[in-house]
Amino acid sequence: MPDLPDAGTCYELLARMTLIRRFEEEAGRQYQRAKAGGFLHLAIGEEATIVGTTSVMRDEDYLIGTYRTHGHAIARGTDPARVMSELFGRVGGTSGGRGGSMHIFDREKRFMGGYGIVGGNLPIAAGLALSSEYKGEDAVTVCMFGDGASNTGNFGETMNLAALWQLPVFFLVENNLYGMGTSVERHSAQTDLSRKAEGYGIPGERIDGMDVVAVREAVARGIREAREERRPTLLEAFTYRYRGHSAADPEVYREREEVEEWQRKDPIEAFARRCVEAGVLGERELQEVREKAEQRVTAAVAAADESPEPALDSLYESLYVVDEAGGWYAVDERSPEPHRGEREEEEMPEAARELAEAGAAYGGQPDGPRPQDRPNPAERGDAHEGVEPEVAEEVEEPNVAEEVEER
Ligand SMILES: Cc1ncc(C[n+]2csc(CCOP(=O)(O)OP(=O)(O)O)c2C)c(N)n1
Ligand SMILES: [Mg+2]
């Protein structure tokens, strides 16, 4: 077992893990109260992997994760109030309330998201590292992803280019033993995930992801390799999520006993116990850490509650496709006439506004119509179909069967 770091670092590690745990418990509660919408993926149980990793990163380094990243953002220094506001869909959120739980993003802290597509963050990580290389920056990109993501095509393609171009990137697979309800044994031919990039020349290592100190040491080595040698490596951290895959998961794929067994090696309790036994921290500090976490999470919920909903007339802000490309679909040069959807910028706002106002009415915004007055989009088809088609020419369908018979 690696030695404990100094008392100040131990305190900080414990404080961050505790804050993330409390935040996520509260996020789960707020979700059940329907304050947070969309999907919600909690990483309760995985705090040592998250905090161990971020604790050895420099401010200039980039971090990119999955859709299970409330803790990653907080560990990087994003204010929990901004993360909670994002879950609530409020303007005070990290993405102005437009992303929600899966799309936490904080450029200032170099936390680059937040991606709903499994494995989608891997090539972006390579791109971030390539940009650092181009600009001659010293920054390293840390890319965290799940065991399930290691089966995607993106994984192989990213490993290949990262090794070939000697990019300053470090990969960490958060192996929590399941991709949704499918265990590693059932989803990956190679169950030693640390070896999955070997064929691309990227060496790997397996560690106990429930031990914050072990994670710190292994990640520090990997980051050093990436920064100084331009050599990407892959770390497999064994960890476990106590809650279901998302808020709606009946968990029929695992036994209660398995969850309890992992809870007995809880990363926060185990680390706190170890610090106390080693005389590095006392009961007073443990209490203080818990109280501070409680206060910050309470304040985060209050701030999210007070933050307003995005204004209705901001609906088209940040939609770069509509503004810059003049259409919602790409133009195919082989048939340059307008395609379905390309004129929607002129034609859509009316229908879209009606839908938005209907949504606002549901959300109780003062400027939205009352629910009973709202238009019923179903009467006119969905948003795309709300645009009246030009009078269609009658085309006689050729009778293929007859043609064949004639031949
Ligand atoms: C490309 C793609 N395929 C499928 C899904 C549906 N999906 C969402 S999460 C998930 C499981 C991923 O598991 P893992 O990578 O182990 O991450 P974990 O949820 O365990 O953190 C799947 C299949 C998706 N979002 N994207
Ligand atoms: Mg997983």
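Which side chain does a polar contact of 2.8 Å join to that of S188? The last view answers that one, so let's take a tour first. This is a predicted model, where local features need pLDDT of at least 70, side-chain atom pairs count only at pLDDT 80 or more, and totals for chains, interfaces and linings use all residues. Residues are numbered from 1 along each chain as its sequence is written, chains are lettered from A and ligands numbered from 1 in the order in which they are written, and side-chain values use heavy atoms, with hydrogens and water left out.

**View 1. Around ligand 1.** Here you can see 14 residues surrounding ligand 1, and the closest are Y67, R68, G116, G148 and N176 (a residue is near if one of its heavy atoms lies within 4 Å). The shell splits into six nonpolar, six polar and two charged residues. In that count, Ala, Val, Leu, Ile, Met, Phe, Trp, Tyr, Cys and Pro are nonpolar, Asp, Glu, Lys and Arg are charged, and the others, Gly among them, are polar.

**View 2. Polar atoms at ligand 1.** A polar side-chain atom of N176 sits 2.9 Å from an oxygen atom of ligand 1, and one from D147 sits 3.1 Å from an oxygen atom of the ligand. Y178 uses its backbone instead: an N or O atom there lies 2.9 Å from a ligand oxygen. Taken alone, ligand 1 exposes 580 Å², and the protein buries 70% of that (areas come from the Shrake-Rupley method with a 1.4 Å probe; for residues, only the protein chains shown count as cover).

**View 3. D266 meets R21.** Side chains of opposite charge can pair when their charged atoms come close. D266 and R21 form a salt bridge, with their closest N and O atoms 2.8 Å apart (the cut-off is a side-chain nitrogen of Lys or Arg within 4 Å of a carboxyl oxygen of Asp or Glu). This pair links distant parts of the chain, 245 residues apart: D266 is in the loop between α9 (256–263) and α10 (267–277), while R21 is in helix α1 (residues 7–32). Helices (H or I, at least four residues) and strands (E, at least two) are DSSP runs, numbered from the N terminus. Both D266 and R21 are buried (buried is under 20% relative accessible area, exposed over 50%, partly exposed in between, with a 1.4 Å probe and protein chains only).

**View 4. Two salt bridges at strand β6.** E205 and R221 meet through their side chains at 2.7 Å, N to O. E205 lies in strand β6 (residues 204–208) and R221 in helix α8 (residues 212–229), so this salt bridge ties together parts 16 residues apart in sequence. R206 pairs with E236, also in a salt bridge of 2.7 Å, N to O. Because R206 lies in strand β6 and E236 in strand β7 (residues 234–238), the pair ties together parts 30 residues apart in sequence. R206 is partly exposed at 39% relative accessible area, whereas E236, at 0%, counts as buried.

**View 5. S188 and its contacts.** Back to our opening puzzle: the partner is K196, whose side chain joins that of S188 at 2.8 Å. A polar contact is a pair of N or O atoms within 3.5 Å; within protein, one must be able to donate a hydrogen and the other to accept it, and residues adjacent in sequence count only if both atoms are side-chain atoms. The S188 side chain also reaches the backbone oxygen of Q190 at 2.7 Å. You'll find S188 in the loop between α7 (184–187) and β6, buried with a relative accessible area of 4%.
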